[in-house]
Every structure is written in C-alpha cells, then in structure tokens.
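Student: I've just opened this one and don't know my way around yet. Can we go through it together, one spot at a time?

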Amino acid sequence: MPLVNMRDMLVHARGNHYAVGAFDIVSLDLLRGVLKGAEACRAPVILNFVVPQFKYYDVEMLMAAAVVGAKRSPVPVAIHLDHATDPDGAVRGIRLGCNGVMFDGSHLSFEENVKRTRAIVEVAHACGISVEGGIGIVSGYAREAETDGVQGMYTWPDEAQQYVRQTKVDFLAVSIGTGHGLSAERPQLNLERLARISRVVDVPLVIHGGSGLSDAESKCLVDRGVARINYYSSLSLIASRRIRSNSFEDPNGGYMALLQGVSETIGREVERCLRVWGAAQRADAVLAAAAPWNEVEHLIIYNVEGTTEQQAEAMMAQGRRVLAQVPGVRRVFSGRAMREGDRYRYCWLVRFAHSKVIDSYRDHPEHMAFADEWFRPCATDRISIDYQAVSAPVEEAALEEDSAVKEG
Ligand SMILES: [Zn+2]
C-alpha cells in the first residue's frame with residue numbers, strides 16, 4: 001500500500017535534486033489521470049486537495065476515492081490539504097484522509113502568521129501529519145491588495161529562515177514570481193532570491209502556481225532547492241479542451257462520450273511534467289526511504305456494571321460524538337456483542353490517522369473528560385489494545401489469495 005509519509009518523500013526529493021508534482025484533484029477523472037501519469041513513469045506523486053476549490057465538489061467522497069487510489073497504486077503517494085486557513089479545517093482534512101496540510105497565512109503580518117502556523121503545527125504534528133507553511137504571497141488566492149506591490153509579495157530569505165525556525169514547519173511555500181492560475185504575462189522569476197532562501201532554509205521548498213512556467217524555468221527552480229511543484233491550471237485547460245473536442249466530434253454523444261480520453265490526456269501531461277522535474281523512475285528509491293503510512297485501530301472491549309441499557313446507550317452516543325472530534329481520529333465505532341454468552345459485551349473501535357495519535361488522543365482533554373465522567377465509572381472490566389492496521393483493497397487481497405491457491 002504505497003501511501004507514504006510526505007515528509008520522507010519530499011526530503012528525498014530535496015536531497016536528490018528533483019521535484020515531486022502535487023496535482024489538484026477536483027474529480028475522479030483528475031484522480032485517475034494523475035495516478036496513471038505517475039505510474040507510467042514510476043514517479044512519486046502528491047494528490048492535492050485545495051480548500052478554496054471545495055465549493056465545486058464533495059471533498060469527503062473524493063478524498064475517500066483518493067485514499068483507495070493511493071493504497072492500490074504501485075508508486076508512492078501522499079495526500080495533501082492545501083490552503084487551509086484554520087486548525088479546524090486542518091483537523092477535518094486529517095480526518096478525511098490527508099497526511100499533509102498547508103496553512104496559508106501569507107496575507108497576515110509576520111507575527112500573526114507565525115502564531116497561527118504554530119497552532120496548526122502543534123495539532124498536526126501530534127497526529128504525525130507534516131505541515132507546509134508559507135511566507136510571501138503567491139497571487140491568485142490570497143489578498144494581494146493588502147501588500148505594497150509585486151516585490152512586497154516575494155519571500156525575503158531572513159524572514160523565511162525565522163519563520164521556519166519559529167514554526168517548525170516541514171516544508172515552506174515561497175513566493176519568487178509564480179502565480180496561481182494562467183496569466184497572459186510571463187512570470188517574473190527571482191532566481192537569485194530563491195537560491196538565497198534555499199541556502200538559509202533547510203526544509204524542502206514548495207512552489208505554487210507551476211502552470212505558467214516553461215520547462216527550462218521549472219528546471220531552474222528544481223536546481224535551486226524546490227522539491228515540490230503545485231500544478232493544476234494547465235491540466236484543467238487540457239482536460240476542458242479534450243471535452244470540447246469530444247463534443248465537436250460527436251455533438252449528440254452522451255456523458256461518457258464527452259469524457260472519452262480525458263483521464264488519459266491528463267495522465268500524459270502529468271507524466272511529461274514529472275519527467276521534466278526529474279521525478280520519473282524515483283518510485284523505488286522513495287519507497288525504500290519513506291515510512292509507509294499506516295493507520296492505527298484503537299480497540300477496547302468491555303462490560304458495564306451498575307448501569308441500565310439506556311444509560312449504556314447514552315454513554316456510547318456521547319462517546320461517538322465527543323471522540324470523533326479529537327484531532328487525528330478518523331472514525332469511531334461503538335458495538336455490542338451479537339451472541340448472548342460472549343465474554344465481553346461491548347466494544348469501541350477508534351481509527352487513528354497515525355501511531356502518534358495514540359499519545360495525543362490519550363492526553364486530549366475531551367477524551368479524558370469523557371473517559372473520567374462517562375466511561376470508566378461504568379466499564380471497570382475492560383481490555384484496550386492499539387493495532388497497526390495494514391490492509392489491502394479487497395480486489396488485491398482476492399488476487400493474493402488466488403495466487404496462493406494456485407501455488408499451493
Ligand atoms: Zn496554492
């Protein structure tokens with residue numbers, strides 16, 4: 001299951017002088033196309049979910065599909081939440097399946113940006129999740145009007161260094177002349193500034209707005225320490241052109257005719273980018289260097305004493321409500337034994353995003369209050385165990401079983 005730790009992936013990219021692509025996922029066609037492109041050239045890849053785009057699709061559904069796609073992909077994949085603006089948004093992204101988050105405080109004052117980034121880093125690191133911070137404004141999403149002209153938006157090396165030291169972010173998005181979206185104007189890249197930032201900042205650097213760059217320009221960025229390039233607008237344009245041409249060729253075709261070849265077209269462009277950025281054929285090295293991303297199942301089996309059935313039901317309902325809000329918790333199940341004579345009558349199954357959540361969950365005030373006031377007083381007879389969950393998608397497991405039967 002090559003869902004891997006994003007920090008390990010990008011540290012490998014920086015150390016080996018190439019950049020991983022982070023491609024925005026806004027539909028199943030994008031998801032399939034991006035994975036196809038990465039798999040075709042054996043490159044690591046990041047599936048990017050951008051908060052300002054959430055109004056266009058159901059993020060819960062689409063991120064679940066991305067988790068399935070990542071787990072069955074033969075290349076290393078990470079799932080990122082981009083442009084979160086508060087800790088609650090980051091916690092929601094972690095709950096839905098991402099293993100990296102970006103906090104976009106670039107429009108804030110330096111002090112306020114540091115303060116809010118630190119709050120996100122604290123929550124995310126306690127869940128094992130990597131954090132990208134940003135300093136300097138990349139046009140397109142943030143409020144440029146609040147800054148004093150284009151040069152005021154570029155990242156200053158000394159500020160970048162201070163920001164990384166004070167916030168402990170794992171990656172840094174820098175502004176050196178790229179912009180979100182497609183613009184008629186050529187980007188005014190400040191490569192000298194980028195080289196200076198790269199010398200004083202020791203975390204992987206991220207570029208937003210990769211679509212406006214020529215191949216030569218993006219290679220210059222990679223040569224100066226950029227380990228991840230966010231790329232979407234060109235993919236969106238290529239996909240929409242394909243849909244328009246399908247419609248022109250078959251004006252009476254249905255929905256499937258309209259989408260014919262869209263994910264393949266996206267895949268070819270993704271593959272082309274990954275080759276230019278030097279990420280092709282890096283999959284095996286990243287799989288060897290990066291920790292696999294495994295969730296943890298926190299299991300409690302118990303019996304209740306001195307309480308009625310209704311009180312037990314109320315306790316479980318309260319637990320489902322409260323525990324699901326703890327950062328790093330992805331799912332809460334409460335269960336009852338199916339057979340009368342079973343040794344333990346009740347269970348909790350709480351799914352954690354990462355093994356780090358074992359500690360942060362235990363000490364979280366909401367969890368402690370629930371355990372002390374509701375759970376422990378009635379559930380004196382209990383067993384609690386954390387299991388690392390390694391799963392294969394059902395189809396893959398069936399294939400393994402088939403080959404085992406044949407071999408046997
Ligand atoms: Zn961005």
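Student: Which residues make the nonpolar surface patch of about 240 Å²?

Tutor: Keep in mind that this is a predicted model. One member of the patch, Tyr-387, sits in strand β12, which covers residues 381–389. The full set making that patch of about 240 Å² is Ile-383, Ile-385 and Tyr-387.

Student: What is the relative accessible area of Tyr-387, and how is the residue classed?

Tutor: Buried would need a value under 20%, and exposed one over 50%, with partly exposed in between. Tyr-387 has 42%, so the residue is partly exposed.

Student: Let's move to the metal. Which residues coordinate the zinc ion?

Tutor: The donors follow the spacing H-x96-H-x27-H along the chain, so look for histidines. Their distances to the zinc ion are 2.0 to 2.1 Å. Two use the NE2 atom and one uses ND1: they are His-83 (NE2), His-180 (NE2) and His-208 (ND1).

Student: Where in the chain are His-180 and His-208, and how many residues apart are they?

Tutor: His-180 is in the loop between β6 (171–174) and α8 (191–200). His-208 is in another loop, between β7 (205–207) and α9 (215–223). The pair links distant parts of the chain, and the separation is 28 residues.

Student: Is His-208 buried or exposed?

Tutor: Start with its zinc partner His-180, which is partly exposed at 21% relative accessibility. The cut-off for buried is under 20%. His-208 has a relative accessible area of 2%, so His-208 is buried.

Student: Now Asp-170. Which side chain does a polar contact of 3.1 Å join to that of Asp-170?

Tutor: Asp-170 is in the loop between α7 (157–167) and β6, and at 9% relative accessibility the residue counts as buried. Its contacts include His-125, Ile-129 and Pro-204. The polar contact of 3.1 Å runs to the side chain of Arg-7.

Student: Which residue has its backbone nitrogen 2.7 Å from a polar atom of the Asp-170 side chain?

Tutor: Among the residues that Asp-170 touches are Ser-130, Val-131 and Val-203. The backbone nitrogen at 2.7 Å belongs to Val-131.

Student: Last stop: how many Å lie between Ala-119 and Ala-160, C-alpha to C-alpha?

Tutor: Ala-119 is in helix α5 (residues 110–125), and counts as partly exposed at 33% relative accessibility. Ala-160 is 41 residues away from Ala-119 in sequence. In space, C-alpha to C-alpha, the two are apart by 18 Å.

Notes
Residues numbered from 1 in each chain as written. Predicted model: local features only at pLDDT ≥ 70, side-chain atom pairs only at ≥ 80, totals over all residues. Heavy atoms only, no water. Helix = DSSP H or I, 4+ residues; strand = E, 2+ residues; numbered from the N terminus. Buried < 20%, exposed > 50% of the residue type's maximum accessible area, 1.4 Å probe, protein only. Donors = N, O, S within 2.8 Å, 3.2 Å for Na, K, Ca; no water. Patch = residues over 30% accessible without salt bridge, like charges linked within 9 Å, V, L, I, M, F, W, Y side chains within 5 Å. Areas by Shrake-Rupley, 256 points an atom, 1.4 Å probe, with all protein chains shown as cover. Salt bridge = Lys/Arg side-chain N within 4 Å of Asp/Glu carboxyl O. Polar contact = N/O pair within 3.5 Å; in protein donor to acceptor, adjacent residues only side chain to side chain. Contact = heavy atoms within 4.5 Å. Lists of a residue's contacts leave out its neighbours within four places in sequence.
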